[in-house]
Amino acid sequence: MAARPVSRMLQRVLRSSVRSCSSGAPVTQHHHGEPSRTAAEGLSRRRQFLREHGAPFSAFLTDSFGRQHSYLRISLTEKCNLRCQYCMPEEGVPLTPKADLLTTEEILTLARLFVKEGVDKIRLTGGEPLIRPDVVDIVAQLHQLEGLRTIGITTNGINLARLLPQLQKAGLSAINISLDTLVPAKFEFIVRRKGFHKVMEGIYKAIELGYSPVKVNCVVMRGLNEDELLDFVALTEGLPLDVRFIEYMPFDGNRWNFKKLVSYKEMLDTLRQRWPELEKLPEEESSTAKTFKIPGFRGQLSFITSMSEHFCGTCNRLRITADGNLKVCLFGNSEVSLRDHLRAGASEEELLRIVGAAVGRKKRQHAELLLMLQDSPPAIPSISSQDPFQIQGIRHRVSFSNQMGTLWKGGWLLRTPVLAQWRLGSGCPQRHCSSHLDSNANPKCLSSVSQAPATPSGPLPPSDQLTHVDTEGRAAMVDVGRKPDTERVAVASAVVLLGPVAFRLVRENQLKKGDALVVAQLAGVQAAKLTSQLIPLCHHVALSHVHVRLELDSTHHAVGIQASCRARGPTGVEMEALTAAAVAALTVYDMCKGVSRDIVLGEIKLLSKTGGQRGDFQRT
């Protein structure tokens, strides 16, 4: 996860000592001076633009490129009751002293100012806005502002079901709920807190109260939740949801890192393979979303393409942080302190000049974003989710999408059976966990016998020399540059002997650390993709599929693990499969070590591999 790099970014944002914060003019001189010549000239150019185009909109909120900023996002707090791994470290981030945060009256004063100048939509954000005690009162007072058409809120949903009836009465008209996974254990892994059922309860409550569509924001991250795209979209069949897939903004320290970015086109290609009838809806002016709908579905889906296809040219958004700084661009570091001027007694006209000067400095496209797009790699092509592996003797697996639909049709998600039944068919007495969530997959998920055809040409004989050693006996990577690209498949296994006590706790999902099978499954998938970073002389392989499956063996009080990997390239994937199985086994040990240290890991071995010049391998 990118917790540490992103936490550094947040610390820069939240610490006033590190961010570039401009007050527009020194507070001590503000009452006596006019705006600078540059600011005055920028304002003059914008007024000229308005005269030429006859736009009845505030000059102070119109930038030098003619963009009219009618949408204001106000952060009510820096605090959050979750610790999302891509957002902040587990211990949180340094918070601004309470005295430096905007008071309720200051928030409303600034909101009135912006609405009077033409803002007709305000969205309340955070942190998590619903942990602010007076959030209902703030919504009620905003609702009284003449000219304000929409009051929205972006929330993680934990407190939504409890507060939404009051918020609706107060005047809340739009809801965005953040949810990055439909797997409860993965939710807990991502946000480092429990609460999946509360979020789902909040979504249900919003639908019950008539919000339509209910927007669900999903940040898509490679290696974490891109395998759930189909499941999210399946929810829109019977529910008035707008599932919004947001391209992950992979900021890593002082540079952009694209390894976790899943582009809009890649996501769209994946969905079109399942629903070729997917149709695009007309885009609203200044919309950040590209919206699609599947004919016959109640809801819709959208893509926020902030990385691959930016929308700077139609941006109409301004942001006020919890400590009162105006940001004219999400990617920009410069901020203007409205709080300081407000507390220094600035008049409404003086505040407007400060806002106008900040808006006038807004760039056509932020420089960092421009450099990022120039350096961005081409979109990674979508890979079909068809699984060529099958292992005999594994019972039928109900698709997650179908189970979710059934639960929703039942009318109340929290009345569902235990978590194990979300992964398995109901009534199955034995727990098992599979990383594969393709609803169209064969009921038998894996097979020790690969269906991939053997290479027609004769295989090379096994080498009688170590391939990772040069002629002088030194370690060296194999040069695969001239090898042909072929379909490569490998299956590996491992066994963890738990003993009766730990086995019972795993089977009943009673471990204090959480669900050992799900956490180990996720660890195995992650490990497969990081093999080249763990094993020094392994080549990096762009895996098209990773499947980790864990099953309980009550006879031996053991967990059986099978990991399969697939890729097309010049080198095999047996190391990826072995690494996945081994790390999944180590994770089971870690989850259970508090119960027993008498746990044995063993039988880590390659079961089969196909593809490559040396032919196929099948362990008998």
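A residue counts as buried when its relative accessible area is under 20%. Keep that cut-off in mind as we walk through this structure, which is a predicted model. Take Phe303: its relative accessibility is 0%, so Phe303 counts as buried. Phe292 comes out at 2%, so Phe292 is buried too.

These two residues also belong together. The ring centres of Phe292 and Phe303 are 5.7 Å apart and the planes sit at 80°, so this is an edge-to-face pair. Phe292 is part of strand E11 while Phe303 is part of strand E12, so their pairing ties together parts that are 11 residues apart in sequence. Now widen the view a little: ring pairs link Phe292 and Phe303 with Phe232, Phe245 and Tyr264 into a cluster. Tyr264 has a charged visitor as well, since Lys290 lies over the face of its ring, 5.8 Å from the ring centre. Elsewhere, Lys121 lies over the face of Tyr71, at 4.5 Å from the ring centre.

How many aromatic pairs are there? The count comes to six. One of them joins Trp275 and Phe297, again edge-to-face, with 6.2 Å centre to centre and 80° between the planes. Trp275 sits in the loop between helix H9 and strand E10, and Phe297 in the loop between strands E11 and E12, so the pair ties together parts that are 22 residues apart in sequence. Both Trp275 and Phe297 are buried.

Next, the nonpolar cores. The largest one has 102 residues, and Phe114, Ile122, Leu142, Leu179, Phe245 and Leu271 have the most contacts inside it. Helix H3, residues 104-116, supplies the largest share of this core: seven residues. To see what a well-connected residue looks like, pick out Leu271. Leaving aside residues up to four places away in sequence, Leu271 touches Leu229, Leu230, Val233, Phe245, Leu278, Leu301 and Phe303. There is also a second, separate core of 37 residues, which includes Leu511, Val541, Leu552 and Ala585.

Finally, have a look at helix H16, residues 516-529. With 14 residues at 1.5 Å a residue, H16 should span 20 Å, and its end C-alpha atoms are indeed 20 Å apart. At its N-terminal end, Asp515 acts as a cap: a side-chain oxygen of Asp515 lies 3.1 Å from the backbone nitrogen of Leu517. Is H16 largely enclosed or largely open? Of its 14 residues, 11 are buried, so the rest of the structure largely encloses H16. Among the buried ones are Leu517, Val518, Leu522 and Val525, along with Gln521 and Gly524.

Conventions. Residues numbered from 1 in each chain as written. Predicted model: local features only at pLDDT ≥ 70, side-chain atom pairs only at ≥ 80, totals over all residues. Heavy atoms only, no water. Helix = DSSP H or I, 4+ residues; strand = E, 2+ residues; numbered from the N terminus. Expected span 1.5 Å × (residues − 1). Buried < 20%, exposed > 50% of the residue type's maximum accessible area, 1.4 Å probe, protein only. Polar contact = N/O pair within 3.5 Å; in protein donor to acceptor, adjacent residues only side chain to side chain. Core = buried A, V, L, I, M, F, W, Y, C linked by side-chain atoms within 4.5 Å. Contact = heavy atoms within 4.5 Å. Phe/Tyr/Trp six-rings, centres within 6.5 Å; stacked < 30°, edge-to-face > 60°. Lys NZ or Arg CZ within 6 Å of the ring centre and 35° of its normal.
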